[in-house]
Amino acid sequence: YVCSTWGNNHFKTFDGDIYQFPGICEYNFASDCRDSYKEFSVHIQRALNSNNHPEIQYVLITIKGFTVYLRPKLAVVDGRIVKTPYYSSGLLIENNDIYTKVYAKLGMILIWNQEDALMVELDSKFNNHTCGLCGDYNGVPIYNEFINGGESSYHASYNSITYGNLQKISKPNAKCEDPDETQALPSCNDHRDECERLLTSSAFADCRLRLNLEMYIQACMQDKCACNGNEDSFCLCSTISEYSRQCSHAGGRPGEWRTQNFC
């Protein structure tokens with residue numbers, strides 16, 4: 001039921017695929033894609049912050065007739081800045097120092113840490129009805145996201161960058177380059193021991209059976225490789241934070257894993 005993005009351009013679809021996509025345009029994150037009547041859409045735009053780390057600049061949500069534009073510590077509904085908590089016909093927006101949360105009665109919860117991490121939970125009535133970076137929510141990993149089944153016998157398979165570029169929202173005056181589809185993201189086989197040690201520490205004992213640990217180990221390895229061994233907290237902390245958030249969301253109780261000198 002949950003799709004998320006975090007850290008070093010990681011995405012996890014509703015169907016459980018984890019991939020990386022480094023685009024900095026505005027993208028369809030998750031939308032109702034039925035032809036007749038679309039109930040909601042969520043768009044995001046990322047950019048590199050002063051430390052050269054990707055952060056989400058804004059989240060744009062449309063729900064039935066409403067448009068909600070979120071920036072860190074700012075909520076704008078239909079062009080008006082609103083005070084939070086804001087409630088109006090089936091829509092609740094809450095804001096604190098750490099998270100912005102949006103609850104929509106139609107069956108969506110959105111949680112943004114106002115930096116790199118965004119999570120959307122959708123009611124199962126949207127099974128098979130969504131499109132965007134979060135995939136089609138049909139319960140089948142890979143199929144229809146990275147392998148296009150289609151009606152014909154031709155099966156196109158996409159890499160994650162091609163797939164991501166397909167989700168771009170075309171805006172006439174947008175100045176942003178598509179990531180190059182021929183440049184595959186570097187694969188990484190180093191740092192497994194360290195990532196495994198961090199994600200299986202006793203603080204996460206309650207998480208092992210709730211989440212697919214291997215996917216987070218892979219994401220952590222990619223982060224370590226991308227940072228070329230720099231002891232940059234972003235390289236390690238963002239995926240461990242995501243693992244901790246997803247564990248709580250799945251009903252687990254992660255222990256205290258942050259320390260004075262770690263994350």
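The backbone nitrogen of E115 sits 2.8 Å from a polar atom of the N113 side chain, and that little detail is a handy way into this predicted model. N113 belongs to the loop between strand 13 (108-112) and strand 14. Its side chain also makes a polar contact with the side chain of D116, at 3.1 Å. With a relative accessibility of 11%, N113 counts as buried, because the cut-off for that label is under 20%. Setting aside neighbours within four places in sequence, the residues that N113 touches are I98, Y99 and R245. One of these, R245, falls within helix 4 (residues 233-249).

Strands 13 and 14 themselves are part of an open sheet of eight strands, ordered 3-2-1-14-13-12-11-10 and paired in the antiparallel sense. At its edges are strand 3 (18-20) and strand 10 (86-88), each of which pairs on one side only. From one strand to the next, the twist averages 10°. Helix 3 (residues 213-226) packs on this sheet, where it touches strand 1 (2-6), strand 2 (10-12) and strand 3. The direction of helix 3 makes about 165° with that of strand 2. Helix 4, for its part, lies across strand 1, strand 2 and strand 14 (118-122), and it runs at about 160° to strand 1.

Further along the sheet order, strand 11 (residues 91-95) and strand 12 (residues 100-104) are an antiparallel pair held by five bridges. Within that pair, I93 has V102 of strand 12 as its bridge partner. As a rule, side chains in a regular strand alternate between the two faces of the sheet.

Helices 3 and 4 turn up again around helix 2 (residues 192-199). Here the buried residues are C195, L198 and L199. They cover an arc of only 90° around the axis, so they end up on the same side of helix 2. The cover over these buried residues includes helix 3 and helix 4. On the face turned away from the buried side, helix 2 carries D193 and R197, both exposed.

Strands 7, 8 and 9 make two hairpins, one after the other. Strand 7 (residues 66-71) runs antiparallel to strand 8 (residues 74-77), and four bridges join them. R71 stands opposite L74 of strand 8. Two residues lie between the strands of this hairpin, and K73 takes a positive phi near 65°. Strand 8 then pairs with strand 9 (residues 80-81), again in the antiparallel sense, over two bridges. V76 has I81 in strand 9 as its bridge partner. This hairpin, too, has two residues between its strands, and D78 in the turn shows a positive phi of about 50°.

As for confidence, the chain has a mean pLDDT of 88, with 91% of its residues at 70 or more. Residues 149-155 are another matter: the pLDDT there is below 50. Beyond near neighbours in sequence, that stretch has eight contacts in the model. Where pLDDT is low, predicted coordinates should not be read in detail.

Definitions and conventions. Residues are numbered from 1 along each chain as its sequence is written. This is a predicted model: local features need pLDDT of at least 70, side-chain atom pairs count only at pLDDT 80 or more; totals for chains, interfaces and linings use all residues. Side-chain values use heavy atoms; hydrogens and water are left out. Two strands pair if DSSP finds at least two bridges between them. Axes are lines fitted to C-alpha atoms, for helices over the stretch in contact, and angles run from 0 to 180 degrees between N-to-C directions. Contact means heavy atoms within 4.5 Å. Buried means under 20% relative accessible area, exposed over 50%, partly exposed in between (1.4 Å probe, protein chains only). The arc is that of the directions from the helix axis to the C-beta atoms. pLDDT is the predictor's confidence in each residue, from 0 to 100. A polar contact is a pair of N or O atoms within 3.5 Å; within protein, one must be able to donate a hydrogen and the other to accept it, and residues adjacent in sequence count only if both atoms are side-chain atoms.
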